[in-house]
Amino acid sequence: DPIQTAKREIFEETNLKPELLEEKGKLGDFLITFPDNSFEKKVTYFLFEYKGDPNDVKISDSEWYLWIYQWLPIDKVMNLIPYKGLRELYRKAYLQLRE
């Protein structure tokens, strides 16, 4: 089940409790192509609302590429995303949250 897989991944990478994640819908898919064209990866994005304390986030040492994170307003996030398709997914999430 893709939702359960997403919740498990969120837990593994952030320590946020899956039972406190409320699924708000699928945002879409995004194809990531590595700069040297050696690898493509399809990523499916879902929108979840966490019903716990956002300070519960604890990044695992094994997730070395996530060593820095911060909570940001959506307008600041949009300025940091280099891929147009990914910006559209975040814009869609923002619009869903406003409903």
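This report looks at the salt bridges in a predicted model.

Let's start with the overall tally: the model has nine salt bridges. Three of those pairs are set out here.

| Pair | Closest N to O distance |
|---|---|
| Lysine 42 and aspartate 29 | 3.9 Å |
| Lysine 51 and glutamate 49 | 3.5 Å |
| Arginine 91 and glutamate 88 | 2.6 Å |

Take lysine 42 and aspartate 29, whose N and O atoms come to 3.9 Å at their closest. This pair ties together distant parts of the chain: lysine 42 sits in strand 2 (residues 40-50), while aspartate 29 belongs to strand 1 (residues 21-33), and the two are 13 residues apart. How open are they to the outside? Lysine 42 has 58% relative accessibility, so it counts as exposed. Aspartate 29, with a relative accessible area of 37%, is partly exposed.

Now hop over to helix 3 (residues 84-98), home of arginine 91 and glutamate 88. Because these residues are three apart in that helix, about one helical turn separates them. Their side chains meet at 2.6 Å, N to O. Both ends of this bridge are partly exposed: arginine 91 has 37% relative accessibility, and glutamate 88 has 39%.

Which residues join up with Glu49 and Lys51 in a network of salt bridges? The partners are Glu22 and Lys24. Within this network, lysine 51 and glutamate 49 pair up at 3.5 Å. Lysine 51 is partly exposed, with a relative accessible area of 47%, and glutamate 49 is partly exposed too, at 32%.

Key:
Residues numbered from 1 in each chain as written. Predicted model: local features only at pLDDT ≥ 70, side-chain atom pairs only at ≥ 80, totals over all residues. Heavy atoms only, no water. Salt bridge = Lys/Arg side-chain N within 4 Å of Asp/Glu carboxyl O. Helix = DSSP H or I, 4+ residues; strand = E, 2+ residues; numbered from the N terminus. Buried < 20%, exposed > 50% of the residue type's maximum accessible area, 1.4 Å probe, protein only.
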